[in-house]
Amino acid sequence: QVQLVESGGKLVQAGGSLRLSCAVSGLTFRIYHTGWFRQAPGKEREFVSAISWNGEVTNYADSVKGRFTISRDNTANTGYLHMNSLKPEDTAVYYCACTSRYGTTPVRVIDYDYWGQGTQVTVSS
């Protein structure tokens, strides 16, 4: 059974930092691209960042470029999203996802096969 479990979300003040983790089991993590998405209340789920299976290619939404960094540890079957200079508009449920269907870092929700349950990030002003 494939499981993706996000952790690390919490309430933080604007300007603060968080590190989200995504622990993956039930699949060969090292061959899957990993993505992070977020969904704010009343809004559609949106792409945040993605990293290729080997960590060599990364992709970021314009809204988080320069503030967020995606990484992965294939030996630990875990993906990470390091978030700095957080803003109130970063408030959302953050989801990690995995896919092996494409050669690079897909950015669409429909491109991903496996999803976690999400972790809440709240940034206060």
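In strand β8, the residue that bridges to D73 is T78. That pair is a handy way into this predicted model, since it belongs to a longer run of pairing: β7 and β8 (residues 78-83) lie antiparallel and are joined by six bridges.

Step back a little and you'll find these two strands in an open sheet of four, ordered β1-β3-β8-β7, with antiparallel pairing. The edges are taken by β1 (3-7) and β7 (68-73); each has a single partner strand, so one side of each is left without a neighbour in the sheet. From one strand to the next, the twist averages 15°. As for what holds such things together, strands of a sheet pair through backbone hydrogen bonds, either parallel or antiparallel.

**The whole chain**

So what is the protein built from, helices or strands? There are 11 strands and zero helices. The C-alpha trace spans about 40 × 30 × 25 Å along its principal axes. The radius of gyration is 13 Å, close to the 14 Å that the globule rule gives for 125 residues, so the protein is as compact as a globular protein of that length. Buried residues account for 42% of the 125. Take the contacts between residues at least 6 apart in sequence: 58% of them join residues at least 24 apart.

**Around β4**

Now look at strand β4 (residues 33-39). Six of its seven residues are buried, so β4 is largely enclosed by the rest of the structure. It pairs with β9 and with β5, and here is how those pairings compare with the β7 one from the start:

| Strand pair | Sense | Bridges | Facing residues |
|---|---|---|---|
| β4 and β9 (residues 92-99) | antiparallel | seven | F37 and Y95 |
| β4 and β5 (residues 46-51) | antiparallel | five | T34 and I51 |
| β7 and β8 (residues 78-83) | antiparallel | six | D73 and T78 |

β4 and β5 also form a hairpin with six residues between the strands, and in it G42 takes a positive phi near 80°.

**The nonpolar core**

Which residues touch the most other members of the largest nonpolar core? In this set of 31 residues, they are W36, F68, L81, M83 and Y94. Two or more core residues come from each of β3 (18-25), β4, β5, β7, β8, β9 and β11 (119-124). The largest share, five residues, belongs to β9.

Y94 is a good one to click on. Leaving aside residues up to four places away in sequence, its contacts include W36, F68, L81 and M83. Among its other contacts are E6, L20, R38, V48 and V121.

**Three cysteines to check**

There is one disulfide in the structure. It joins C22 to C96, with an S to S distance of 2.0 Å. The torsion about that S-S bond is about 60°, so the disulfide is right-handed. This pair ties together distant parts of the chain, with C22 in β3 and C96 in β9, 74 residues apart. Are the two cysteines buried or exposed? Both C22 and C96 are buried.

C98 is in no disulfide: the nearest cysteine sulfur, that of C22, is 5.7 Å away. C98 is buried too, with a relative accessible area of 0%.

Notes: Residues numbered from 1 in each chain as written. Predicted model: local features only at pLDDT ≥ 70, side-chain atom pairs only at ≥ 80, totals over all residues. Heavy atoms only, no water. Pairing = 2+ DSSP bridges. Axes fitted to C-alpha atoms, helices over the stretch in contact; angles between N-to-C directions. Buried < 20%, exposed > 50% of the residue type's maximum accessible area, 1.4 Å probe, protein only. Core = buried A, V, L, I, M, F, W, Y, C linked by side-chain atoms within 4.5 Å. Contact = heavy atoms within 4.5 Å. Disulfide = S-S within 2.5 Å. Rg over C-alpha atoms; globule rule 2.2 N^0.38 Å.
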